[in-house]
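Good morning, colleagues, and thank you for your time. I should like to take you through one structure, from its overall form down to a few individual residues.

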Amino acid sequence: PCPRRVPAGAWSEWPVDHFLRSGHIAARDGAAVRWFHAANSRARAAEAARSDVHMVEVDVVLRGGDRDPILAHPPDTDSDITLQEWLAQMGSTNKGIKLDFKSLAAVGPSLELLGQVGQCLDRPVWLNGDILPGPCGSCAPLDARAFLGAVTSSCPDATLSLGWTTGCHRGQGYEWPVVQEMWRLCQALSQPVTFAVRAALVPSSLPQLQWLLQQCHRYSLTVWTGKADLYSVEDLLLIRENFDKSRVYYDIFEPQNSEFKKAIGIE
């Protein structure tokens, strides 16, 4: 089922639509949407709030076993900022948010906090989880049915960001079985879905990912990278040439981010 267009200001509104409508980007182009990655501390959150980015991403875990969701990327288990504090801070900005869940245990308490801020956030809200094993993935994925059940029941208005656990080996890609399995999991969803794909793996997976996006007009891709990943601006340009530019977002590190934007005439 491919749902109708979503209302302006909804959590499920695409960033390209939201930020174009609010005058923050000049074209319906996912590459124009700027990201702030891993705002997992007070200093980083303050920097994100002050910056000119559109979407801010954090990693959510439970603090050392208690029920308090905090912002940290494993193996870290502590942080100087809780998710509750961070949501209050982002609520006073105009930025969209992406919560990247690193454990299933963190999902329930986090969605409860998100429900409390509710209507203050009239912008894109993305909930991310790696729910399937992918190329060279060594971490265990979150349980797909448990994750999807929790987020669709608690936050039916949010955009789902779904990925595969991966390692990074150039020349490898997302094979048909894992792409078709993702599609099977998403078929029954009525929320928009963005598929989180690793930049270095996309050039070897063009037919698979093109097919995936053809299954529903509410699907998009979010291209991400690891700090040490080997990929080129040419890889990013190849992605841009092979997909509708309004349906691909790029959450990538420097220097490739600036080089890519320069090559396509943005910024």
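**A walk through the chain**

Let me begin with burial across the whole chain: of its 267 residues, 54% are buried. Please bear in mind throughout that this is a predicted model.

The chain contains nine helices and nine strands. Along the principal axes, its C-alpha atoms fill a box of roughly 40 × 40 × 40 Å. How does the radius of gyration agree with that of a compact globule? For 267 residues, a compact globule would have a radius near 18 Å, and the chain has 17 Å, which agrees.

Contacts within the chain add to this picture. Among those with a separation of 6 or more, 70% join residues 24 or more positions apart. As for the outside, the accessible surface is about 11300 Å², and carbon and sulfur atoms hold 52% of it. The side chains include 25 positive and 30 negative ones, and the centres of these two sets lie 5 Å apart.

I turn now to the helices, beginning with α7, which spans residues 206-214. Its buried residues are L206, Q208, L209, L212 and L213. Why do they lie on the same side of α7? They do so because they cover an arc of only 165 degrees around the axis. Against what do these buried residues pack? Their partners are the strands β6 (159-165), β7 and β8 (219-224), together with the helices α6 (176-186) and α8.

Two of those partners deserve a closer look. In strand β7, residues 193-198, we find R198. Is this arginine buried or exposed? R198 has a relative accessible area of 10%, and so it is buried. Beyond its neighbours within four places in sequence, R198 is in contact with T166, G167, C168, Y174, W224, G226 and D229.

The second partner, helix α8, contains L238. With a relative accessibility of 28%, L238 counts as partly exposed. Apart from neighbours within four places in sequence, its contacts are P203 and L206. L238 and P203 are separated by 35 residues in sequence, while their C-alpha atoms are 7.1 Å apart in space. L206, the other contact, is one of the buried residues of α7 that I named a moment ago.

Helix α8 appears again when we come to α9, residues 256-264. In α9 the buried residues are Q256, N257, F260 and K261. These cover an arc of only 130 degrees around the axis, which puts them on the same side of α9. Their cover includes α8 (233-242) and β9 (248-251).

The two ends of α9 also repay attention. Before the helix, in the loop between β9 and α9, is P255. The peptide bond from E254 to P255 is cis, with omega near 5 degrees. After the helix comes G265, which has a positive phi near 80 degrees.

From here I move to two helices earlier in the chain. Helix α1, residues 15-21, holds D17. The relative accessible area of D17 is 19%, under the 20% limit, and therefore it counts as buried. D17 and V248 are 231 residues apart in sequence, and their C-alpha atoms are 13 Å apart in space.

Helix α3, residues 83-91, holds L87. L87 is buried, with a relative accessible area of 2%. Leaving aside neighbours within four places in sequence, L87 touches I97, L113, L114 and V117. From L87 to I252, the C-alpha atoms are 23 Å apart, and the two residues are 165 apart in sequence.

Finally, some points of backbone geometry. As a general rule, most residues other than glycine have a negative phi, and most peptide bonds are trans. Where else does this chain have a cis peptide bond? One joins P74 and P75, with omega about 10 degrees. P75 is located in the loop between β3 (69-71) and α3.

Two residues that are not glycines have a positive phi. The phi of A38 is about 55 degrees. A38 sits in the loop between β1 (35-36) and α2 (42-50), and at 21% relative accessible area it is partly exposed. The phi of C136 is about 60 degrees. C136 belongs to the loop between β5 (125-133) and α5 (144-154), and at 35% relative accessibility it counts as partly exposed.

Thank you for your attention.

How values were computed: Residues numbered from 1 in each chain as written. Heavy atoms only, no water. Helix = DSSP H or I, 4+ residues; strand = E, 2+ residues; numbered from the N terminus. Rg over C-alpha atoms; globule rule 2.2 N^0.38 Å. Buried < 20%, exposed > 50% of the residue type's maximum accessible area, 1.4 Å probe, protein only. Contact = heavy atoms within 4.5 Å. Areas by Shrake-Rupley, 256 points an atom, 1.4 Å probe, with all protein chains shown as cover. Lys, Arg positive; Asp, Glu negative; His and termini not counted. Charge placed at Lys NZ, Arg CZ, Asp CG, Glu CD. Arc of directions from axis to C-beta.
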